[in-house]
Amino acid sequence: MASRAFLIAIFIAVAIAPTLAADHKVGGDAGWNPGVNYTEWATGKDFHVGDTLMFVYTYGLHNVWKVNQTDFQQCVNSNASQVPLVTGNDRISLNSSGKKWYICGVPEHCAKGMKLVINVSDAEGPAPSPKPSASAAVEVSPLRSSAWMLAMMAVYRIIVA
């Protein structure tokens, strides 16, 4: 019975782990603000389809534009129909794999380093463990915590039954 419970526990852990998305607070504790090296912040982090980028900043001081590579390099937004994110707590779901580019459209902010490029991997397979850093690289979402708690409660119930 114990070996059966162990196998079920392994199955639950393997089935749930890959589906849990991570929330990435851009810039860690510093947020989306001037003076942060976003290239350095993104180095060593793994971004997967299903994850969320959180751009946190003081409302009215900055914004977030999703741009293409050329616009990123030139610090412009050539898409006249696009509307910037401006809430100060902007969440962007990573719905597809590949390179993603973001800039602050406030004059001179992008040129002074408020720009982020990341590479998003497919969500398949468990994500590697995050590397420790000085700032919070990955924040645990309430959904992730709840899913793990439910899985562990189910395992406990199986083991004691």
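The paragraphs below go through the two sheets, the cysteines, two polar residues and an aromatic cluster.

The model is predicted, so local features need pLDDT of at least 70 and side-chain atom pairs count only at pLDDT 80 or more, while totals for chains, interfaces and linings use all residues. Residues are numbered from 1 along each chain as its sequence is written, and side-chain values use heavy atoms, with hydrogens and water left out.

Helices and strands here are DSSP runs, H or I of at least four residues for helices and E of at least two for strands, numbered from the N terminus. Two strands pair if DSSP finds at least two bridges between them. One open sheet has four strands in the order E2-E7-E6-E4, and its pairing is mixed. Its edge strands are E2 and E4 (65–67), each of which pairs on one side only. Strand E2 (residues 47–48) runs parallel to E7 and is joined to it by two bridges; His-48 stands opposite Ser-121 of E7. Strand E6 (residues 98–103) runs antiparallel to E7, with six bridges between them, and Lys-100 faces Ile-118 of E7 across the pairing. On the way to the other edge, E4 and E6 are antiparallel over three bridges, where Trp-65 has Ile-103 of E6 as its bridge partner.

Strand E7 (residues 115–121) has two unlike faces: Leu-116, Ile-118 and Val-120 make up the covered one, and Lys-115, Val-117, Asn-119 and Ser-121 the uncovered one.

A second open sheet has three strands in the order E1-E3-E5, again with mixed pairing. E1 and E5 stand at its edges with a single partner strand each, so one side of each has no neighbour in the sheet. Neighbouring strands in this sheet are turned by 20° against each other on average, direction ignored (axes are lines fitted to C-alpha atoms, for helices over the stretch in contact, and angles run from 0 to 180 degrees between N-to-C directions). Strand E3 (residues 52–56) is antiparallel to E5 and joined to it by five bridges; Val-56 has Asn-89 of E5 as its bridge partner.

Asp-23 belongs to strand E1 (residues 23–25). At a relative accessible area of 10%, Asp-23 is buried (buried means under 20%, exposed over 50% and partly exposed in between, with a 1.4 Å probe and protein chains only). Its side chain makes a polar contact of 3.5 Å with the side chain of Arg-91. A polar contact is a pair of N or O atoms within 3.5 Å; within protein, one must be able to donate a hydrogen and the other to accept it, and residues adjacent in sequence count only if both atoms are side-chain atoms.

Asn-68 lies in the loop between E4 and H3 and is partly exposed at 38% relative accessibility. A polar atom of the Asn-68 side chain lies 3.2 Å from the backbone nitrogen of Thr-70, and one lies 2.7 Å from the backbone nitrogen of Asp-71. Apart from neighbours within four places in sequence, Asn-68 is in contact (heavy atoms within 4.5 Å) with Ser-78 and Trp-101.

Which cysteines form a disulfide? A disulfide is a pair of cysteine sulfur atoms within 2.5 Å, and the count by this rule is one. Cys-75 and Cys-110 form it, with their sulfur atoms 2.1 Å apart. The pair links distant parts of the chain, 35 residues apart: Cys-75 is in the loop between helix H3 (69–74) and strand E5 (89–93), and Cys-110 is in the loop between E6 and E7. The link is left-handed, with -70° about the S-S bond. Cys-75 is partly exposed at 24%, whereas Cys-110 is buried at 3% relative accessibility. Why does Cys-104 have no bond to Cys-110? The sulfur of Cys-104 is 8.1 Å from that of Cys-110, the closest cysteine sulfur, and this is too far for a bond. Cys-104 is buried, at 2% relative accessible area.

A pair of aromatic rings is described by the distance of the centres and the angle of the planes. Rings of Phe, Tyr and Trp (its six-membered ring) pair if their centres lie within 6.5 Å; planes under 30 degrees apart count as stacked, over 60 as edge-to-face and the rest as tilted. Four aromatic pairs are counted by this rule. Trp-32 and Tyr-38 form a tilted pair, 4.9 Å centre to centre with 50° between the planes. The pair of Trp-32 and Phe-55 is edge-to-face, because the planes stand at 85°, with the centres 4.9 Å apart. This pair links distant parts of the chain: Trp-32 is in the loop between E1 and helix H2 (38–42), and Phe-55 is in strand E3, 23 residues apart. Trp-32 is buried at 0%, as are Phe-55 at 0% and Tyr-38 at 2%. Together with Tyr-102, these residues form one aromatic cluster.
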